Amino acid sequence: VPAMLASVRSMPSTHIRSLAPFAPAAPPALCCAAAASQPYRNASFNTRVAALRSSQIAGLTTTDIGELADTQVAALTGQQVAALGATNLSALDSTQAAALTTTQMRSLTASQLGGLGTADMGELSATQVGALNASQIGALSTTNLSALDATQAAALSGTQLRALSNTQVQG
């Protein structure tokens, strides 16, 4: 498989585009490698990666997750994001975490949010932070909360603020 991935990564975009119809049947790692190798030329293939079933998404490794382009992360459905385990979600780099949509943010579990590092939390937009529901806010660690900047903190609604525990508030 590693040799196959290397071959796919070195393919010109014209060849990769011709593979797009086969993406749903391909192993997830191969789809991610192909689409990540040339994401800016490959909108069609990015769409195919977004079409992966939740079971395929759950089968991705942390290395596979690291290969996803930001546009691919943003194209994942909330259901696909929910299929990522906390370990895989923690494999997102700061730029990938910043690409998460508000719908995706709402689909994250407490365990997944706990997997986001402080750098990831710092890269989230005020809109992304504002999209979290009260139970998600209540599940954030004090370390993650302390990573929020003034703009992100100002985006918290009254409902979100009321969801904070005394421990979270005292930091």
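Here are some worked exercises on a predicted model of a single chain.

**Exercise 1. Get your bearings**

Task: Describe the secondary structure, burial and contact pattern of the chain.

Solution.
- Step 1: Begin with the secondary structure, which comes to 19 helices and zero strands.
- Step 2: Turn to burial: 40% of the 171 residues count as buried.
- Step 3: Look at the surface, where the chain exposes about 7900 Å². Carbon and sulfur atoms supply 57% of that area.
- Step 4: Consider the contacts with a separation of 6 or more: 77% of them join residues 24 or more positions apart.

**Exercise 2. Check the confidence**

Task: Find the average pLDDT of the chain, then say what the model shows over residues 35-41.

Solution.
- Step 1: The average pLDDT is 78, and 71% of the residues score at least 70.
- Step 2: Over residues 35-41, pLDDT stays under 50.
- Step 3: For this stretch the model still has 20 contacts beyond four places in sequence.

**Exercise 3. A glutamine in helix α19**

Task: Is Gln 168 buried or exposed, and which backbone oxygens does its side chain reach?

Solution.
- Step 1: Locate Gln 168 in helix α19, which covers residues 166-170.
- Step 2: Apply the cut-off of under 20% relative accessible area for buried residues. Gln 168 has 9%, so it is buried.
- Step 3: Follow the side chain to its polar partners. The backbone oxygen of Gly 138 is reached at 3.2 Å, and that of Leu 140 lies 2.7 Å from a polar atom of the Gln 168 side chain.
- Step 4: Add the wider contacts. Beyond four places in sequence, Gln 168 touches Ile 137, Gly 138, Ala 139, Leu 140, Thr 142, Leu 145 and Ala 163.
- Step 5: Take one distance between C-alpha atoms: Gln 168 and Ser 141 are separated by 7.1 Å, with their positions 27 residues apart along the chain.

**Exercise 4. Two further glutamines**

Task: Place Gln 160 and Gln 152 in their helices, and list what each one touches.

Solution.
- Step 1: Gln 160 sits in helix α18 (residues 158-162), and Gln 152 in helix α17 (residues 150-154).
- Step 2: Gln 160 is buried because its relative accessible area is 3%. Gln 152 is buried too, at 1%.
- Step 3: Leaving out residues up to four places away, Gln 160 touches Val 129, Gly 130, Ala 131, Leu 132, Ile 137 and Ala 155. From the backbone oxygen of Leu 132 to a polar atom of the Gln 160 side chain is 2.6 Å.
- Step 4: With the same residues left out, the contacts of Gln 152 include Met 121, Gly 122, Glu 123 and Leu 124. Ser 125, Ala 126, Val 129 and Ala 147 are also touched by Gln 152.

**Exercise 5. Into the nonpolar core**

Task: Which residues touch the most other members of the largest nonpolar core, and where does Leu 132 lie?

Solution.
- Step 1: The largest nonpolar core holds 29 residues, of which Met 105 and Leu 140 touch the most other members.
- Step 2: Beyond four places in sequence, Met 105 touches Leu 100, Leu 124, Gln 128, Ala 131, Leu 132 and Gln 136.
- Step 3: Leu 132 lies in the loop between α14 (126-131) and α15 (134-139). Its relative accessibility is 3%, so it counts as buried.
- Step 4: Past its neighbours within four places, Leu 132 is in contact with Met 105, Leu 113, Ile 137, Leu 140 and Gln 160.
- Step 5: In soluble globular proteins, nonpolar side chains tend to be buried together.

**Exercise 6. A helix residue and a loop residue**

Task: Are Val 73 and Gly 85 buried, partly exposed or exposed?

Solution.
- Step 1: Val 73 belongs to helix α7 (residues 70-75), while Gly 85 is in the loop between α8 (78-83) and α9 (86-90).
- Step 2: Val 73 counts as buried because its relative accessibility is 2%.
- Step 3: Gly 85 has a relative accessible area of 35%, so it is partly exposed.
- Step 4: Among the contacts of Val 73 beyond four places in sequence are Leu 68, Leu 92, Gln 96 and Ala 99. The C-alpha atoms of Val 73 and Ala 99 are 6.4 Å apart.
- Step 5: For Gly 85, the C-alpha distance to Leu 60 is 9.6 Å, and the two are 25 residues apart along the chain.

Key:
Residues numbered from 1 in each chain as written. Predicted model: local features only at pLDDT ≥ 70, side-chain atom pairs only at ≥ 80, totals over all residues. Heavy atoms only, no water. Helix = DSSP H or I, 4+ residues; strand = E, 2+ residues; numbered from the N terminus. Buried < 20%, exposed > 50% of the residue type's maximum accessible area, 1.4 Å probe, protein only. Contact = heavy atoms within 4.5 Å. Areas by Shrake-Rupley, 256 points an atom, 1.4 Å probe, with all protein chains shown as cover. pLDDT = per-residue confidence, 0-100. Polar contact = N/O pair within 3.5 Å; in protein donor to acceptor, adjacent residues only side chain to side chain. Core = buried A, V, L, I, M, F, W, Y, C linked by side-chain atoms within 4.5 Å.
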